[in-house]
Structures are given as structure tokens and as C-alpha cells.
Amino acid sequence: MKPLLIALGLSLMTLTAHAELPTHEFQLDNGLDVLVREDHRAPVITVMVWFKAGSIDEAPYETGLAHVLEHMMFKGSKRLDAGEFSRTVARFGGSDNAFTSYDFTAYFQQYEASRLPLALELEAERLKNLKIDDESFRRELQVVMEERRQRTDDKPTALAWEKFQAVARPGTGYAHPIIGWRDQLAQLQPEQARSWYQRFYVPGNATLVIAGDVTPEQVRPLVEKFFADLPQGETPPRPETTLNPPPGERRLTLRLPVRVPALYMSYNVPSLTTADHQDDFYALTMLGGVLDGGISARMESNLVRGQRVAAGVGAGYDGLQRGNGTFTITATPNPEVSLDALETAIKAEIEKIAQQPPSEAEMDRVRAGVLASQIYQRDSVMGQAMELGTLSVLGLDWRLAQQFDDNLEAVTPEQVQQAARDWLVAERSAVAHVIPEGEE
Amino acid sequence: MDPMKLFPAVLAALLLAGCAGFPTTADQVREAKPAAPELAIQSWRTEQGAKVLFVPSPALPMLDVRLVMDAGSARDGDLPGVAALTSALLGEGAEGLSVDEIARGFEDRGASFSTGSYQDMGVISLRTLSRPRWREDAVDLLARVIGTPTFPQGALERIRTSALQGLKMEKQVPGPQVNKTFQSTLFGDHPYGHPQSGTLDSLPAIERADLVAFHQRYYAAGNAVIALVGDVSREQAEAIAEKLSGALPRGDAAPELARAERLKERVTEHVDFPSNQTHILIGNQATWRGNPDHVPLYVGNYILGGGGFASLLTQEVREQKGFVYGISSYFKPMAAGGPFILQLQTANENADQALALTMGIVRDFIKNGPTEAQLEAAKANILGSRALETADNSDIIGQLGAIGFYDLPLDYLQRFNRRVEAVTVEDIRAAFQCALDADRLAIVSIGPRAPEADGQ
């Protein structure tokens, strides 16, 4: 049995090429970026619109606003009553929804392929003509408060995570929860939502992504028909993010109504957009894979299976962010294991890499996983649209996804070791011990 | 000029504008009949008796393999959690292979292996690149893992500990607690009544010999369905299926389970919990796989609570009142029964009103059924979305697993479409009245205070 990459040799190129699908891009005069991915396997399409407007763009007094506006995008426009957007989508066999992240807000519709013109017309309507009615805003705010209760307030681990993030990412827009702090959320006003829409929902701040059984010849006239008359408006200024100096070591003890303790660790590290050298991004990606790229990776092998200190542990690098990246580890101790002991064991795993570079076999396994997952990802049209949109709102070239495995190939074990030494250090770390109320 | 003469022309122009309406593309799109690709499913049996379903899909160099066994928690017997533990320990050791060797064996080749345990099914999944040099290794390894599991004592202790930690964590949050109470309220001592993941009491009693016996009996070739989707030929698919079923223990299909019975009266249960929201589940045993009313119930439920933003429950309880973020309903047809489940979560102070409103909608729907307009919109959605349900290999493998496991005809999806086209308001009303009685629904809740039902 040969490991994938060793056996792969020359066929690597052909394998990747086989999976590559045509991608087209153009820009309308008003600044709207358009990306088209052709995938003719099945007669389906995904239409997404992405805005460079997420919760990190919120001022400290208006947390939750980006997400509330996302809800309001379904509550009526000049030519659609509240709820009619989704009812129309459903009537034509589609499904639709949206999500708000720290970095962006994105909307999607999925249909059988002949529904493309409708999808574009509906999307253009709410970009041009959204109406935010006071009464409807207040009722929807109640819905969002319920969403917050459900997702956060009634989940002690989610509450713990929210408090942890506030400390783990100090002085950035990532320090407040996407759904908003409860008290501020309750006080948001319709005027704030209108102003958010006017400020951020302009063509120059958006990317339209169309993936599936379409051709550029078919898409372009339709996009021009429905989107070209959107006024250009002013693209909101956004500060360039840079690599922050180390914030200093932070430790937090949270006593909450949990039944099982938990450990959270997070390091402030570069992202692909803030790294001085892109090598850092790829080295940190490999480091994440070596520590937790599967059940054969070190965290699972050594801490869950070997020493049996953790009931579960996860580690990962998130380097695709508008601001700085995070390297995060979460773990649940086994009974009779203290959080201190668990933290020590995790840090020892990091220290091992800082002392000694990972083996070539480990590096190959990480790359095999990445390479295979790129092919598996092509199975989903929505997944492809997500990939294109994510890169676009970060201001990155979509072709980067195709160079990803080549760039990982170039990382040496010594660079992974150096990444652990440089970035997973105390002055960049935040650690939280989440403890059941009433316990020591 | 005679103003009267002008009038019809103006009127006509106004009407025209009205007809053009919005969206302007609606008419054009309505004329395009949505494609509904038919899955050409190939099926055969292996020498050892496993049923195989196969759809070739050469577009991507990958292969999905799924084994679906009649080995879910319904087969736990008096050991709740034994099915789940057996499933979780596959991959923890096989003859001549340690857990580390198995994990590396898959991950070195970019293959992913996973198992899952449900009420009816034990599911084993492999996704691999389809080129022979990786696929063959991955399939060989899969055969050893499922055929000769060693269930090491140490792995049992470790996974049991982790499962017990998981059960404790479920007590931190309202959802899992109310779901379990609902399940036991509806199904009691029936094999669907106990929690799939076992209990704090049952897990410690399970021994290695129980896992070995469970595997021997329920992971038998005659109790398995093997589904394959991907870039392999029929001959290759046959060889893979033979290899996998040949590796499994010999044995027959598990015996049928007795059909679950309905609650005969309104039952209310409440769990006290200091949450901000009250979670409410409403339902009863209502259907089963093979129910001739399946399509009218499915279409009716789409209108009532299955259709997301388009559903009655979402429109009335969320959009109109703002009581909830999530509210939905579904029928869950399984081999030996299947509940109707309606779930909502609402701020404690709104729980009474939200429950009363919801019960009113349900009562009215059972009594009157949908309107013609609602039915037309539902049909348009369901028939118009068929292409989305078989677009990915992931979608297709899921369909094959269900079709094979529940012995549905290979053209099940096409038959389903034809029945949807034909279903009437009367069919839906009759099916709902047969399946559900608004006065005999269980209402199960969790929160600081039991919500007041509608007093009916």
C-alpha cells in the first residue's frame, strides 16, 4: 500500500486538471464583480451574492446589525411583499437562505437550471429596492432575539465561546459576536438597518457568483439586464488590515452551567491577507494538518488515544480572514483529568513540533487529504460557489484555490517547525478554562 | 373626444402593466419545464445475499461506497447503546491492524471512512479517489475493517468514556433532553423508544462480547445493502460489492419489528430546566415506510411545516408574530413506524401563546386540509426541485441507501413524482385525518414552566 503522494508522482498534474472546471469573471461598469463557474454534471444552479460587509464592520454600539439586515433582505422590497421573495423561490422549486459572518454577508438561491433568469431578477430587486418598514423591522428583531436565545443564551458552551472570543481577539471587530451582544441587539433601530444597507449594499462592494449548468454566453446578458442599472454609489472605505503585534498572554476562567469542563486556546497569527510572507499561511496550514488533520494526526493519536487525557480535541488554523488569522484548539478532558493537565499535554504537543520538524510521512498525509478534499469539493455546486465567493470578498484571486496544493507542496518540515516557534507562543495566546458552576 | 371611448384603451394598458407584473421572468421560466433527471439505478445481489445499488458517475475521479445494515438502535434489545457503540468501534482495530494503521491507511490515500448509527440503520461510508491504485487499497482496508473488527477492550473503555461525557454535555442544553423525552413518550417500550446513544446507566453495562455478538448478527451480509456511486464500471462495482459482502459475517436479514402503536389520548410531559426559551415538541406515531398515504402526507406536511419560509407554521408563528426563530414539522417514516414531529422554540413568556397558535393551525389543517392554491404551490416546489435532489454524488448515495434499505422500487423517485402530480386536497385531508388526531397528540416541553396547552 503506497501513500497517495508518493504513488502520485507525475499523475498529480493530470488528476488536478481533470477536476478543474471553467471559471469566468467580468465586471459591470457599476463595479459589480461577477464570477461564473461552469459545471454541467447536473441541470442545477447556485446563485449567490456576497457583500464585503460583516460583523467586523459594525461599530461597537451596533453589534448584530449586519445579521439583522440579512434578515431584513427577506422582508420586502418595492415589488415584493414581506416573505414573498422566499415564497417565489419555493414556488419555482428553489431554496434560498443567507448567512452572515465576521467578514461578509452572503445570500444564495439554488434551483433547477432553467430558473436562472428568475434568480437574477429576484436578487437584483432587493439590491435596488429593499424596503425596511418600521413595524416589520421590530417583529423581525424579535425573531433574531429568539435566534440568539436558541444559539447562544441557552447553550453554555456557546456563551463561553462568545466571552472567550472577546478576549482572544482584542481590539478587533472579531471580538464581538456576529449575532450581537444581547442588550445592544434588543435596541437596534430600523434607521440603522437602512443606513447599513445604503452604505454597504452597493455594486462595488459585492460579488455575484453563479455556479452550475450555465455558460458565460447565457449569463452575461442576463446579469447586464438586471444588474447594470444599479447605481454605482460609493464603495465604502475599509481599512487595510495588517499583522498585529502580539497582544500579550491572556487567561480566563469561566464558571457556567456546563456539566463537563472545556478548554479553549487561541493564538493570534497571520492570515493569508495579513501575512508578510505568504509562506506563513501555508506553513500554518500544514501545522494545523499535522496536529489535527484527521484521526491519524497527532492530537487524536497522542491525546485522545495515547495518553487518554482528552475525550475530544480539535485544532485548526483559520487563515482565510480579512483580519488576522487564528490558530484554535478546543478540548474536553476525560473525567479525573484537570484542565491544567490537559493544557500542559496540548502545549507539549506544540512544543514537540517546535523542537523537531514533522516527518515527511505526516506532511504527505496532510497533502493527500487536501488534494483529495479539493476533488471531493467539486461534488457540490454550492461548495464551488462558496469557494469562489469566499476568496472574492477577501480580495483574493479565485485561481488561488487551484494553486493551493502546489503551494502546500513547497512547504518544508522545517518551515512547519518554524511556524510553531514563531506563532504558537505565549504572548499571542488566550486560554480559557470553562468550569461547571460550583466546582473548583 | 368622447371620454368613454378612451377608457377601454387606458384600461387595457393598465391591465397589461398589471399582467406583466413582477417578476417579469416568471412567465418565461414557468414555461420551461424543469428537468428532473431520472436515476438509472442498477441493482443485483452478491453471492452472500447483500443487495447492491449502483449509479455510475464518471464526471469526477471519486467513488462513494455506503453499506447500510439493519443494525440501528431498534436492534439494541435490552442494551440501549450497543448498536451505537458497535458502530463507533468499527475502525478501532481489525485482525492484524491497529487503530493507527487503519487511520493512516485511509488518510494516507486521501480516503475518508466513517460510521453512523440511527434508529433503523447502521451506516458505513467510504469516500475515495477512484483511480485503481488508491481505490483498491481503500476498499481492501474497508473490507478488513468491517469484516474482522477486533473491538479492543481499551478502545471500548475509551469510547464509552467519551460517550458518557457526551451524554453529560447533553444535560447542559434543552434540545437533546426534550427530544429524548418526546421519543420515550411516543414509543415507550417499543424499540424506537430508547435513546440511540444509550444512557448513563446502560453504557457501563455493555461488554466487549456484546459488541462482537451484535456485529456477528446484524452486520451480516444478508442484512446489508451496498450502495455505490462514482467513477467505476459495472464490473468494478460488482467486484467491490463481492469483496465487501464476502468480508462480512454470513447471516440473514434481521426479522421485522412489530409496528409501533399510536397514543390513544393527549399526553403532556414537561421537563423543568432553567432555559431562556421553552422548547415544545408536538406529535404522535403516524406513519411507516410503505404507508400508501406517504405522498399525501409528505405534500401536506410541506404546506403545514416542512416548506421552510413557505410553510404555514413559519408564516404564522414566525413571520406574523415573531414568536420563534425556528418552527417546522415532518413525518419520519421508518421500518416499524414513524412519528409526526412538530418542533418550536420560543421565549418563555410567549410559550402559551405560541403553543395555542400552533395547535390551532394544526387542528385547522387536519380538519380542513390545504387550499387549492397552497397545494398548487407545493406541487410546483416539489416537482420543480427534483433536479437538486440527485445533483451530487452525495445526494445520490443517500437516495440509493434509502431505496435499498426500505426495499423501494428502483424507479421510486419517478413514481413519487407521478403521485405528487396527482395528489388532491381531498387526498391530503383524508390522509392527515387518518394519520393524526389533534386531540391525541403528545405535547412535550422543556423550560422553567410547562406551557399551557389550548385547553381542548
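These legends go with close-up views of a predicted two-chain model.

In this predicted model, local features need pLDDT of at least 70 and side-chain atom pairs count only at pLDDT 80 or more, while totals for chains, interfaces and linings use all residues. Residues are numbered from 1 along each chain as its sequence is written, with chains lettered from A and ligands numbered from 1 in the order in which they are written.

**View 1. Confidence in chain B.** Chain B averages a pLDDT (the predictor's confidence in each residue, from 0 to 100) of 94, and 95% of its residues score at least 70. Go easy on residues 1–20 of chain B, where pLDDT stays under 50. For that stretch the model has 1 contact beyond four places in sequence; a contact here means that the C-beta atoms of two residues, placed from the backbone, lie within 7 Å. The model scores ipTM 0.93 and pTM 0.94.

**View 2. Where chain A meets chain B.** Here 69 residues of chain A are in contact with 68 residues of chain B. On the chain A side, helix α6 (residues 134–153) gives the most, with 8 residues. Helices are DSSP runs (H or I, at least four residues), numbered from the N terminus. That side of chain A divides into 30 nonpolar, 19 polar and 20 charged residues. Ala, Val, Leu, Ile, Met, Phe, Trp, Tyr, Cys and Pro count as nonpolar, Asp, Glu, Lys and Arg as charged, and the others, Gly among them, as polar.

**View 3. Helices α3 and α8 of chain B.** The axes of α3(B) (residues 82–89) and α8(B) (residues 208–218) come within 9 Å and cross at roughly 85 degrees, which makes the two helices roughly perpendicular (65 to 115 degrees). Axes are lines fitted to C-alpha atoms over the stretch in contact, and angles run from 0 to 180 degrees between N-to-C directions. From α3(B), B:V82, B:A83, B:L85, B:T86 and B:L89 meet B:D210, B:L211, B:F214 and B:H215 of α8(B). This contact has 6 nonpolar, 2 polar and 1 charged residues.

**View 4. Helices α11 and α14 of chain A.** With axes 9 Å apart, α11(A) (residues 278–292) and α14(A) (residues 360–377) pack at about 100 degrees, so they too are roughly perpendicular. A:M286, A:G289 and A:V290 sit against A:E362, A:M363, A:V366 and A:G369. The split is 4 nonpolar, 2 polar and 1 charged.

How values were computed:
Parallel < 35°, antiparallel > 145°, perpendicular 65-115°, else oblique.
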